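Biologist: Could we go through this one together? I would like to start with what counts as a contact, and then move from place to place.

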Amino acid sequence: MQLSRTFSGLTNLLFNRRSNLEEVPNSKRKCLRPGKLSPRRLVPNHIQRPPYVKTRMAPGIASGPEVHDLKGIECMRASGRLAAQVLNYAGTLVKPGITTDEIDQAVHQMIIDNGAYPSPLGYGGFPKSVCTSVNECICHGIPDSRPLEDGDIINIDVTVYLNGCHGDTSATFLCGDVDEEASNLVKVTKECLDKAISICAPGVEFKKIGKTIHDHADKFRYGVVRQFVGHGVGRVFHADPVVLHFRNNDGGCMVLNQTFTIEPMLTIGSINPEMWDDNWTVVTSDGSLSAQFEHTILITEDGAEILTHCED
């Protein structure tokens, strides 16, 4: 496919570099700092790899939507199902004392045990198999030696590449005894995703997703991050359309058998991002908490099917 637009937050906006804050203003919580990285994990040779792994270059967003025939839909269901199962398992590991690197190890092993490839590993040089974004980290947190602390919140973003299709999902989990302010943020962010999915159907304008999310976030005075968006997903990791989570006037409508993600990121304070020197980790400029939820969905005749829903 012809590629368009560089995938760096999926926008051409520039980021401020990380601040020198040590503690979050008006909070006892210390600001995140990078820990130590473990060596890159190995993937058995028999597991199919996405094409970008060989180049270590972020391939950008592929032009054209991901629309599938019956065989493609079944492939997407399989990758989405596995991604959901992996995310559900990762969530059970969240507790004070576990490191994000240990979560990455467990996720990596479960994915390869199921014959799939962890899509983030090697994407544009990303060094790990999952993204772990703690507290003020908006997205793309790199798993490292930092142990989770009581009261943390953590978004775990899982994508698997199975039989030539990517399944992409994330959720924000509570670690130990989380205060009401943080738990409410997580709850409302999940509600934003659910409400956005509920309005999806063939012919619906994509801009209605952003309005639905923004309207609900406004009720609680939460900010909606603009630099990171949902996207088409399927045979490629990132494809058209770009799905904005805030009010917008972008064109385009959903079509039958199309797959894409919706992944709102809400903040308690500033929506302005700062990027760490690793060129991946993005945090809020004021150290305020951020939460995210994500599903891959399929547009059906009746509305939308959540491909990354984990059945108990």
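Modeller: Contact here means heavy atoms within 4.5 Å. Please keep in mind that this is a predicted model.

Biologist: Fine. With that meaning, which residues does Lys 128 touch?

Modeller: Leaving aside residues up to four places away in sequence, Lys 128 touches Ser 38, Pro 39, Arg 41, Asp 101, Asp 104, Pro 120, Leu 121, Ile 142 and Pro 143. Lys 128 itself lies in the loop between E4 and E5.

Biologist: Is that lysine buried or exposed?

Modeller: Lys 128 counts as buried, because its relative accessibility is 1% and the cut-off for buried is under 20%.

Biologist: And what polar partners does the Lys 128 side chain have?

Modeller: Its side chain is joined to that of Ser 38 by a polar contact of 2.5 Å, and a polar atom of the Lys 128 side chain also lies 3.5 Å from the backbone oxygen of Pro 39.

Biologist: Asp 101 and Asp 104 were in your list of contacts. Which residues of H3 are buried?

Modeller: Both of those aspartates are among the buried residues of H3, together with Thr 100, Ile 103, Ala 106, Val 107, His 108, Ile 111 and Ile 112. What covers these buried residues includes H2, strand E4 (117-118), strand E5 (131-134) and strand E7 (153-162).

Biologist: How does the span of H3 fit with its number of residues?

Modeller: Helix H3 runs over residues 100-113, and its 14 residues should span 20 Å at 1.5 Å a residue, which agrees with end C-alpha atoms that are 20 Å apart. The helix is followed by Gly 115, whose phi is positive, near 75°.

Biologist: And H2, what is its reach from end to end?

Modeller: H2 has 23 residues and reaches 33 Å from its first C-alpha to its last, close to the expected 33 Å. At its N-terminal end, H2 is capped by Asp 69, which places a side-chain oxygen 3.3 Å from the backbone nitrogen of Lys 71.

Biologist: Changing topic to pockets: what is the volume of the second largest one?

Modeller: The second largest pocket has a volume of about 280 Å³. It is lined by 18 residues, and those closest to its centre are Leu 87, Lys 190, His 295, Thr 308 and Cys 310.

Biologist: Which elements supply that lining, and what is it like by class?

Modeller: Helix H2 (70-92), strand E8 (165-174) and helix H4 (180-198) each supply at least two residues of the lining, with the largest share, 4 residues, coming from E8. By class, the lining of this pocket has 8 nonpolar, 6 polar and 4 charged residues.

Biologist: Now the backbone. Where is there a cis peptide bond?

Modeller: A cis peptide bond joins Asp 240 and Pro 241, with omega about 5°, and Pro 241 lies in strand E11, which covers residues 239-243.

Biologist: Which residues have a positive phi without being glycine?

Modeller: Two to look at are Asn 135, with a phi of about 55°, and Asn 257, with a phi of about 70°. Asn 135 sits in the loop between E5 and strand E6 (137-139), whereas Asn 257 is in the loop between E11 and strand E12 (259-262).

Biologist: Are those asparagines buried or partly exposed?

Modeller: Asn 135 is buried, with a relative accessible area of 2%, while Asn 257, at 23% relative accessibility, counts as partly exposed.

Conventions: Residues are numbered from 1 along each chain as its sequence is written. This is a predicted model: local features need pLDDT of at least 70, side-chain atom pairs count only at pLDDT 80 or more; totals for chains, interfaces and linings use all residues. Side-chain values use heavy atoms; hydrogens and water are left out. On a 1 Å grid over the protein atoms alone, a cavity is a set of points where a 1.4 Å probe fits but cannot get out, and a pocket is an open set with protein on both sides within 12 Å along at least five of seven lines; lining residues have an atom within 4 Å of a point. Grid points are joined across faces, edges and corners, and a volume is the space filled by probe spheres set on the points. Ala, Val, Leu, Ile, Met, Phe, Trp, Tyr, Cys and Pro count as nonpolar, Asp, Glu, Lys and Arg as charged, and the others, Gly among them, as polar. The expected span of a helix is 1.5 Å times one less than its number of residues. Buried means under 20% relative accessible area, exposed over 50%, partly exposed in between (1.4 Å probe, protein chains only). A polar contact is a pair of N or O atoms within 3.5 Å; within protein, one must be able to donate a hydrogen and the other to accept it, and residues adjacent in sequence count only if both atoms are side-chain atoms.
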